[in-house]
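Work through the exercises below with the structure in view. Try each task before reading its solution.

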Amino acid sequence: MASLVSSPFTLQSTKPDQLSSPSQKHYFLHSFVPRKIKQTSSRSSLKVKCAAIGNGLFTQTTQEVRRIVPENNQNLPTVKIVYVVLEAQYQSSLTAAVQALNKSSKDASYEVVGYLVEELRDESTYKTFCKDLEDANIFIGSLIFVEELALKVKTAVEKERDRLDAVLVFPSMPEVMRLNKLGSFSMSQLGQSKSPFFQLFKRKKQGAGFADSMLKLVRTLPKVLKYLPSDKAQDARLYILSLQFWLGGSPDNLQNFLKMVSGSYVPALKGKKIAYSDPVLFLDSGIWHPLAPCMYEDAKEYLNWYGTRRDANEKLKDPNAPVIGLVLQRSHIVTGDESHYVAVIMEMEARGAKVIPIFAGGLDFSGPVERYLIDPVTKKAMVNSVVSLTGFALVGGPARQDHPRAIEALSKLDVPYIVALPLVFQTTEEWLNSTLGVHPIQVALQVALPELDGGMEPIVFAGRDPRTGKSHALHKRVEQLCTRAIRWGELKRKSKTARKLAITVFSFPPDKGNVGTAAYLNVFSSIFSVLKELKRDGYNVEGLPETSEALIEDILHDKEAQFSSPNLNIAYKMGVREYQSLTSYATALEENWGKPPGNLNSDGENLLVYGKQYGNVFIGVQPTFGYEGDPMRLLFSKSASPHHGFAAYYSFVEKIFKADAVLHFGTHGSLEFMPGKQVGMSDACFPDSLIGNIPNVYYYAANNPSEATIAKRRSYANTISYLTPPAENAGLYKGLKQVSELISSYQSLKDTGRGPQIVSSIISTARQCNLDKDVELPEEGQEISAKERDLVVGKIYSKIMEIESRLLPCGLHVIGEPPSAMEAVATLVNIAALDRPEDEISSLPSILAETVGRNIEDVYRESDRGILKDVELLRQITDASRGAVSAFVQKTTNNKGQVVDVADKLSSILGFGINEPWIDYLSSTKFYQADRDKLRTVFRFLGECLKLIVADNELGSLKQALDGKYVEPGPGGDPIRNPKVLPTGKNIHALDPQSIPTTAAMQSAKVVVDRLIERQKADNGGKYPETVALVLWGTDNIKTYGESLAQVLWMIGVMPVADTFGRVNRVELVSLEELGRPRIDVVVNCSGVFRDLFINQMNLLDRAVKMVAELDEPADQNFVRKHALEQAEALGVGIREAATRIFSNASGSYSSNINLAVENSSWNDEKQLQDMYLSRKSFAFDCDAPGAGMAEKRKVFEMALSTAEATFQNLDSSEISLTDVSHYFDSDPTNLVQNLRKDKKKPNAYVADTTTANAQVRTLSETVRLDARTKLLNPKWYEGMMSSGYEGVREIEKRLTNTVGWSATSGQVDNWVYEEANSTFIQDEEMMNRLMSTNPNSFRKLVQTFLEANGRGYWETSQENIEKLRQMYSEVEDKIEGIDR
Amino acid sequence: MASNSLQSLHHHHSLLKLLPSDTSPPFSLFLKPTTSASTATNTSLSLSISSTASTSTAYSISPATSTTPSTSKTFSLDLLQQHLSNQNFREADEETRRLLIVLAGEAAQKRGYVFFSEVQFISEQDLRDIDGLWRKHSNNKFGYSVQRRIWRQKVGKDFTKLFIKIGWMKKLDTEVEQHNYRSFPSEFIWELDDDTPEGHLPLTNALRGTQLLSTILSHPAFEVEEEAEEDEVGGDEKGGLKGLRDSSNPSPLSNRVFKTDYSF
């Protein structure tokens, strides 16, 4: 058995010097990653080591293990073969072939050396490669799809192409394919020639069809060509034969392949007539089993054989045994590199599951999946779940994917679809050593792309041996994979009555008032609605209370006295011994948390699991990180393991409650943010250990695809999207409303004598509303001319309109309750406001503007400047848009106000055309002449959108997931930008990380950067900012297809360049002339999520920055260079190292923790927060040593930040703003920069908002004010929240806490914001009492936050106010503690 | 529709190579058979390969194994006895795996490795004899039954823990404790010394996971003598013991410079 390992391969003794190098290097690799760190102070010394050792790349393997130099005692002519492949599986087969040839051949002696594509990144390896080519006879390449490396191969081979006897390149990027040459046969014309042969490539370039048509060609062409006399045809035939040999992959085929090519094309061998056999062909696709006598093309036949297996036990032969479909790569089978496949098959069978392992040679598996896994008669799947072991997207492999086709096939199959992956670019040890986990390129190809097919659970199940290149099982990972696949499959087989479901809610930050936190979601009402539906569907939810309030009380244990019992309901007490026996990784937690039980989720003797069971459903509360309130941990822990209580919760769910599935309820929990590798976890990664064997279904907000992706990858979740609450326009209230009314009377009366009087009331009311901070108001009593009056009024009007039309989600979403028709209007109006040139849809505002002879962009611009008549026009356009959309929506609504049967209504509307409701409406406005065709197009589109908005798939998809069915994937993002996000209830995915930034994103980025610079210059004496510190968010970049990424590129003056497949892996310089301004330096702080999702783009940015720093340009025209030179000198490092600008957290760690500190009030002073920021965010990505992962570069970080003159962030969607979430202030460095700057000057802080058609760059304080006005202080908003009850109070409190966060990190919050908030929520007795009785815990936090804002000096107010707050605090405290007064 | 037998293919290239090229099937026959799957009998032309293959008796694809295909069908403990009595553990280890393949049956021999479900075909006596020889010549330090005892009693049937304990995995120098497989043969211990871990030999490779070893260690052959000493640790059958972090003692070998091979 061990024979496979002690493989025929030995290193050649002729190269003794290189012989030792691999082992040497591997040894050093150990120190590549920071070692176990006990004391933080030791870190810096380790960094030096990282930089000094290894090539810093992802793989340290070398070609030398693939080099065979024959002894050649008989002085035969030598044939030297050099190959470059993606597929390491060819290594052992080729080696075997060459060794056999050398043993038997009497004509020639064969020398070979092989390179794995990724190794060519290393400069010295690349040099050796070029050198090897110099005396090579034959070059072979295969699956070279990574552009940078493809270009390297191309350059090297091109140089030698004429001299080489043969060049054979199998499916690869066109640039490399063109190198092909075999006698007269050449592909240099690829893509240009009109010959049918090349047309074939051209035509199919768009899809996976490319590779498949090549295969088809392979099958049919030689037969024809064989009988053609001409040499040309002969050469082409040999090319095709070569491809057949190659795809046949076995050592035999490769031997004959080498014989054929060398015998036919190596001049020294031409006369020798070397005999070769024709290729042995295997099925292109079929079913393979290691024990089967043959391969099958029919599942029935295969299963018949299965039934006759003598070795199989009864359990396995049982017709009711679970059946798992496996998808295998043919090349692994034909090359004999299939140990890892056999391991999975054995593991499945040992666990009592039948397997149907199918394979295909092409890149399109959708056909084989349908052919072999679906019963042709019943059209039903013959399997309970499917595991792809290829790692690739179902259609397209590493080339061009066709996701719709994959989704179609998988929908027919309708079972859970798991895509596990073998290591491709790294060896086992390299992967284990890496904190990133799987190589970023592999993440892009084999994790991100399969997700677009709906693939789940990227588990690394096979490692790679550095010596033989062979794959091997990782036994624990294989176990994890197989158990999980079977458990997913079991769902379908288990009756609904018997199915056990653990619903997990979050408590974040850890406070009783926060139990059941999830973004935009009314958690308990949603759970209640889910449980009702499950009950109806046949699940056992015995004892479910009548109302969702009762449900809350059951779990929070407030039954008798609402204010008394501070404890959650204890569902289970787990003794320490029991905990240890159930939790194998318990000892690993002791380093951070000591011996169990510890003091979190513990009564001192037992570990406590909080929650409540109803029949077969358990509702549990996920424990928290546990270190939120501990400033020292927040400051120093790069990452912290889960505590014992956390582990005990999941042990309980898996092993005591024995859940068939866990449902994590809403965005988001802590499990997936626990330490471990970023992607492709090992046995030692906590998220993997915690989730264990339980299938995980996760309700996730549709607008948060980035964090949903983390949940997918790190907690193996099937993420089901839910809608954010329907957005409404913020509207106007109190003083703002008065201002608006005054303005409207001014417009009608301005030419009468009352004009000046009205203007002065407008100004004084505006001042009362604190609008003087946003608009420069003339002093009271100051005389102003009529023209100036218009301008002042116009500016105020514009501000008022901005506030009024702001979108805000009202209330909280309840799963299974789609918005009513009228609730969808505001969203539709905003959808209609965007031009969609790719779909030839003009926006409604632009159609309306045209009607009155205006360009909408001009109207936006003039309105922003405060030109009264254009502000008024814009308001009319906005009103008309709303009116027209409302009229349209009303027609599709029943008398209850619910949208019914949109499709029918629509077709009747659109069918006749005469009664189009929007025309009816517009006919009574000044826009009655609007273009009817354009209107029809946009309303048809809106009709589609409306259908999707009101579709209710959230419950349906959950049931599907729990039934063990396939949940259709869909993008996450902003429904306004991308209506494809709808309907919700989809398995959310991000996007191909290499596809951004897009050209369109680059366009918008230019606009924003230019506006930012304009604004900064205006505020800064006409000077360009030298450095801008900005933040990159994952979600933002997904929603905008990389706009903020593109902003960084544009600041430093470079443009992204896409390759043939549309992947962006390169940038090119924009000349200073073209740029027309200096290159602006940047300090980029990537969120941890961005780092996980887009590490390739971090690489791209770093390369761009370094490239710009190295340009020979004057310092006053290139601030990147200017600063890098200064820093290089100060730090005594090279300019490349000094030009380090791309920062994030350490691998496996997220956020600066400032959010946790603020939420828990556990910080002393701002300095402490800044230290936290620096200690957690100063990890840099280095494109010169990408394999090293994130390395701490705090000195450069501080120096770079100290040059910043502006800080900048993007808002990613209309419904999430600055105070809605804690992560914006968590990442804001404004005060930090001020502190670091030598002159202690506060940088200007800006926020870009591209969420509406009229993109804006505002200052941070403007944005904070806008946010406070539209949310926290807006009755529409807080009443909407109050109607959600318990959770609503918390939402209000959260906004205030986040506002304090902004004070702490940026100091950009005006006093009046706190003052107004205080009068709204505390001084108003009725309001205060409502808050207190609805959620006393959150109310207490609210009061505490007010006191804190005052105590920390962010809010100055009367002693009276403070007294009242103190009094309220002790009152509510007593109530909570149950002390009756 | 049946087609080429792949698994046999890799193992017999040496045979095919000997065939004069004109006897190999004509070109067109290599095209994918298009005849319908009307019959289960192997009439397809493309089967020519598997038929040549089936005449073979080789079982190992690896020329590096010391076994000789022609005699491999016979089962005799003589060679093992000989190696072990000479304390020639490296060869004895090799021979043990050869014997296991022979005992597992003809299919295993063709394939070159034992599929876990074939272990049931090995008789209790044969397995006990092999184990007995190992124990006898190693002061009870080596042998399947030794491995079984550790597996069942000391590590709760957790293979990672077993592999660490018997010196088949090595600790890596990473921040979190992780282990990698040792490389065969250089990283294993071929002498019976005091610090050679108990149960270190014979090796069973984990290239294809742990089901084979699991089945061997669960073979009824080893049940008799152990009844009395049933463990107290292995409470949880499936273990669910997922971490590689369990801090058992670092292997005595960990101070050596190792090649990064997982295999053995």
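The exercises cover a sheet, two helix pairs and one whole chain of this predicted model.

**Exercise 1. The sheet**

Task: Give the strand order of the open five-stranded sheet in chain A, and name its edge strands.

Solution:
- Step 1. Read across the open sheet: the order is β7-β9-β8-β10-β11 (chain A). Its pairing is mixed.
- Step 2. Look for strands that pair on one side only. These are β7 (285–287) and β11 (417–419) of chain A, the edge strands.
- Step 3. Follow the turn from one strand to the next: the twist averages 20°.

**Exercise 2. Pairing inside the sheet**

Task: Find the neighbours of strand β8 (residues 323–329) of chain A and the partners of Leu326(A).

Solution:
- Step 1. Start with strand β9 (residues 354–360) of chain A. β8(A) and β9(A) pair in the parallel sense, over seven bridges. Here the bridge partner of Leu326(A) is Pro357(A).
- Step 2. Turn to strand β10 (residues 385–388) of chain A. It runs parallel to β8(A), and four bridges join them. Leu326(A) stands opposite Val387(A) in β10(A).
- Step 3. Go on to the edge. β10(A) and β11(A) are parallel and share three bridges. Val386(A) has Tyr417(A) as its bridge partner in β11(A).
- Step 4. Add the helices. Helix α11 (residues 299–307) of chain A packs on the sheet and touches β7 and β9 of chain A. Its direction makes about 140° with that of β9(A). Helix α15 (residues 366–373) of chain A also packs on the sheet, touching β7, β8, β9 and β10 of chain A. For α15(A), the angle with the direction of β9(A) is about 145°.

**Exercise 3. Cover on a strand**

Task: Are the two faces of β8(A) covered or uncovered?

Solution:
- Step 1. Count the buried residues of β8(A): seven of its seven.
- Step 2. Take one side: Val323(A), Gly325(A), Val327(A) and Gln329(A) are buried.
- Step 3. Take the other side: Ile324(A), Leu326(A) and Leu328(A) are buried too. Both faces are covered.

**Exercise 4. An oblique helix pair**

Task: Describe how helix α31 (residues 821–832) of chain A packs against helix α34 (residues 868–891) of chain A.

Solution:
- Step 1. Note the geometry: the angle is about 140°, and the axes are 9 Å apart.
- Step 2. Classify it. α31(A) and α34(A) are therefore oblique to each other. Their crossing is right-handed.
- Step 3. List the contact. α31(A) gives Ala821(A), Met822(A), Val825(A), Leu828(A) and Val829(A). α34(A) gives Ser881(A), Arg882(A), Val885(A), Ser886(A), Val889(A) and Gln890(A).
- Step 4. Sort these residues: seven are nonpolar, three polar and one charged.

**Exercise 5. A second helix pair**

Task: Do the same for helix α53 (residues 1275–1282) and helix α56 (residues 1325–1334) of chain A.

Solution:
- Step 1. The angle is about 30°, with the axes 12 Å apart. The crossing is left-handed.
- Step 2. From α53(A) come Tyr1278(A), Glu1279(A) and Met1282(A). They meet Met1327(A), Arg1330(A), Leu1331(A) and Thr1334(A) in α56(A).
- Step 3. The contact divides into four nonpolar, one polar and two charged residues.

**Exercise 6. Chain B**

Task: How many helices and strands does chain B have, and in what pattern?

Solution:
- Step 1. Chain B has 10 helices and two strands.
- Step 2. Along the sequence the pattern is α-α-α-α-α-α-α-α-α-β-β-α.
- Step 3. Of its 264 residues, 58% are buried.

Methods:
Residues numbered from 1 in each chain as written. Chains lettered and ligands numbered in written order. Predicted model: local features only at pLDDT ≥ 70, side-chain atom pairs only at ≥ 80, totals over all residues. Heavy atoms only, no water. Buried < 20%, exposed > 50% of the residue type's maximum accessible area, 1.4 Å probe, protein only. Pairing = 2+ DSSP bridges. Axes fitted to C-alpha atoms, helices over the stretch in contact; angles between N-to-C directions. Parallel < 35°, antiparallel > 145°, perpendicular 65-115°, else oblique. Left-handed = near helix turned anticlockwise from the far one by under 90°. Contact = heavy atoms within 4.5 Å. Nonpolar A, V, L, I, M, F, W, Y, C, P; charged D, E, K, R; others polar.
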